[in-house]
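Reader: I would like a close look at one part of this model, beginning with a single strand residue and its contacts, and then moving outward to whatever else can be said with care. Please take me through it in one connected account.

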Amino acid sequence: MKAVITVIGHDQIGIVAKVSQKLATLKVNITDISQTLMHGDFTMMLMGEWRESEVDFETIKRGLTELGAETGLDIHIQRQELFDAIQKL
């Protein structure tokens with residue numbers, strides 16, 4: 001399965017490392033990533049991919065939500081299928 005993950009919040013040391021480590025723990029491979037700073041705020045968008053037989057979407061979502069609460073970041077995950085369906089309209 002593929003999903004788009006967004007991370008937004010005040011810039012702090014180690015955001016990419018923390019998100020990457022959490023995704024690795026959840027067995028999610030980062031296949032594409034983009035990040036930028038805008039007036040002191042950090043924004044990142046990445047594409048993650050994993051085997052549904054190893055971990056389900058809700059487990060990953062819960063893990064990222066917990067990380068967001070711990071770090072003060074706004075982290076969201078959306079299934080790639082949603083973007084694919086919109087493009088077909």
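Author: Not counting residues up to four places away in sequence, Asp74 touches Thr6, Val7 and Ile8. The model is a predicted one, and in it Asp74 is found in strand 4, which runs over residues 74-79. Asp74 counts as partly exposed because its relative accessibility is 38%, a value between the 20% under which a residue is called buried and the 50% over which it is called exposed. As for distance, the C-alpha atoms of Asp74 and Ala17 are separated by 16 Å, with their positions 57 residues apart along the chain.

On the other side of strand 4 in the numbering comes helix 3, residues 80-88, and Gln80 has its place there. Gln80 has a relative accessible area of 15%, and is therefore buried. Once neighbours within four places in sequence are left aside, Gln80 is in contact with Lys2, Ala3, Val4 and Met47.

Thr71, which is found in helix 2, can be read in the same manner. The relative accessible area of Thr71 is 15%, so this residue is buried. With residues up to four places away in sequence not counted, Thr71 touches Gln12 and Lys18.

The contacts of Gln80 include Ala3 and Val4, and these two residues also appear among the contacts of Leu46. Leu46 lies in strand 3, and at 2% relative accessibility Leu46 counts as buried. Apart from neighbours within four places in sequence, the contacts of Leu46 are Ala3, Val4, Ile5, Val19, Leu23, Ile30, Asp32 and Ile33. Arg62, by contrast, is 16 residues from Leu46 along the chain, and the C-alpha atoms of the two are separated by 17 Å.

Turning to charge, the structure holds one salt bridge, in which the side chains of Glu54 and Arg51 meet at 3.2 Å, N to O. Of these partners, Glu54 is partly exposed, with a relative accessible area of 42%, while Arg51 is exposed, with a relative accessible area of 58%. A patch of negative charge is also present on the surface, where Glu52, Asp56, Glu58 and Glu81 gather. Glu52 belongs to the loop between strand 3 (41-49) and helix 2 (57-71), and because its relative accessibility is 54%, Glu52 counts as exposed.

Two loop residues deserve a word on backbone geometry. Most residues other than glycine have a negative phi. Lys27, in the loop between helix 1 (15-25) and strand 2 (29-38), nevertheless has a positive phi, near 65°. His39 likewise has a positive phi, near 55°, and is a residue other than glycine. The loop that holds His39 is the one between strand 2 and strand 3, and His39 is exposed there, with a relative accessible area of 87%.

Key: Residues numbered from 1 in each chain as written. Predicted model: local features only at pLDDT ≥ 70, side-chain atom pairs only at ≥ 80, totals over all residues. Heavy atoms only, no water. Patch = residues over 30% accessible without salt bridge, like charges linked within 9 Å, V, L, I, M, F, W, Y side chains within 5 Å. Areas by Shrake-Rupley, 256 points an atom, 1.4 Å probe, with all protein chains shown as cover. Salt bridge = Lys/Arg side-chain N within 4 Å of Asp/Glu carboxyl O. Lys, Arg positive; Asp, Glu negative; His and termini not counted. Charge placed at Lys NZ, Arg CZ, Asp CG, Glu CD. Helix = DSSP H or I, 4+ residues; strand = E, 2+ residues; numbered from the N terminus. Buried < 20%, exposed > 50% of the residue type's maximum accessible area, 1.4 Å probe, protein only. Contact = heavy atoms within 4.5 Å.
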